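User: Please take a close look at the aromatic rings in this model. I am new to it, so keep the steps short.

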Amino acid sequence: MAKVSKKRKAALSAYDQNKTYTLTEASKVVKDISFTKFDSSVDLAIRLGVDPKKANQMVRGVVTLPHGTGKSVRVLALVPADKESEAKSAGADFVGLDEYIEKIKGGWTDVDVIITVPQVMGKIGALGRVLGPRGLMPNPKTGTVTMEVGKAVTDAKGGKIDFKVDKAGIIHASVGKVSFDAGKIAENANELLQTIVKLKPSSAKGTYVKSVTISSTMSPGIIVDTKPYGG
């Protein structure tokens with residue numbers, strides 16, 4: 001049987017594991033039970049009543065968290081020369097086209113978000129094998145294939161995240177850092193949940209938001225009340 005560390009014992013004894021907490025309460029608890037020496041991410045796991053195998057029940061979208069993610073987001077703008085200055089002015093970390101396409105073909109993926117314009121997607125399509133598994137492939141649905149390059153870069157830097165239900169029907173997403181005020185964690189989490197509720201597929205039957213758990217890196221999970229979200 002795995003040995004439970006002192007920190008985990010302390011975390012487990014700091015709250016009622018069988019209780020369902022409001023999002024506000026859970027956001028306070030997750031700060032209290034986080035004992036890592038680094039600034040842990042705060043994550044949500046949202047189990048939905050959908051069948052991801054069915055195309056009409058796939059839940060995917062984007063949301064801009066009101067208080068950002070707390071992470072430093074590295075943005076690559078794969079754009080032609082006439083869009084380079086716009087991308088640079090907005091704060092893109094890497095800007096260019098052919099030279100970065102070659103780097104990616106060689107295995108370089110040291111970025112968090114890639115933004116491009118529709119007319120160069122033909123070139124980028126060949127990078128699918130490298131970018132796809134890493135979740136880096138630009139997609140019009142997530143706003144990363146757009147003519148508004150500057151806005152896309154600003155949004156990515158400012159806390160815009162994309163999410164997608166996995167094969168098990170769960171959405172995993174980071175909503176901040178333990179160093180955030182509990183109120184900001186709750187507001188970020190609520191923004192994500194409200195967005196997911198709006199994306200409920202018409203073909204999904206029964207309870208849509210089945211469970212919500214909030215946790216930080218290496219902390220136990222706290223059960224969140226789903227009633228405000230139709231659970």
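Analyst: The rings come first, then a brief look at the nonpolar cores as background.

This is a predicted model, so local features need pLDDT of at least 70 and side-chain atom pairs count only at pLDDT 80 or more, while totals for chains, interfaces and linings use all residues. Residues are numbered from 1 along each chain as its sequence is written, and side-chain values use heavy atoms, with hydrogens and water left out.

Start with the count. There are 3 aromatic pairs (Phe, Tyr and Trp rings, the six-membered one for Trp, with centres within 6.5 Å; planes under 30 degrees apart are stacked, over 60 edge-to-face, the rest tilted). Take Phe-94 and Trp-108. Their ring centres are 5.3 Å apart and their planes stand at 85 degrees, so this pair is edge-to-face. Phe-94 belongs to strand E4 (residues 94-96). Trp-108 sits in the loop between helix H4 (98-105) and strand E5 (113-116). The pair therefore ties together parts that are 14 residues apart in sequence. Helices (H or I, at least four residues) and strands (E, at least two) are DSSP runs, numbered from the N terminus.

Now the second pair. The centres of Tyr-100 and Trp-108 are 5.7 Å apart, and the planes meet at 40 degrees, so the pair is tilted. Together, Phe-94, Tyr-100 and Trp-108 make up one aromatic cluster.

How covered are these rings? Trp-108 is buried, at 18% relative accessible area (buried is under 20%, exposed over 50%, partly exposed in between; 1.4 Å probe, protein chains only). Tyr-100 is buried as well, at 14%. Phe-94, at 22%, counts as partly exposed.

A charge joins the picture. Lys-103 lies over the face of Trp-108, 4.3 Å from the ring centre (NZ of Lys or CZ of Arg within 6 Å of the centre and within 35 degrees of the ring normal).

Last, the background. The largest nonpolar core has 38 residues (buried Ala, Val, Leu, Ile, Met, Phe, Trp, Tyr and Cys joined through side-chain atoms within 4.5 Å). Leu-44, Ile-46, Leu-48, Leu-192 and Ile-222 touch the most other members. Elements that each supply at least two of its residues include helix H2 (23-32), strand E1 (41-48) and helix H8 (182-198). H8 gives the largest share, 6 residues. Another core lies apart from this one. That other core has 29 residues, among them Ala-87, Ala-92, Val-120 and Val-149.
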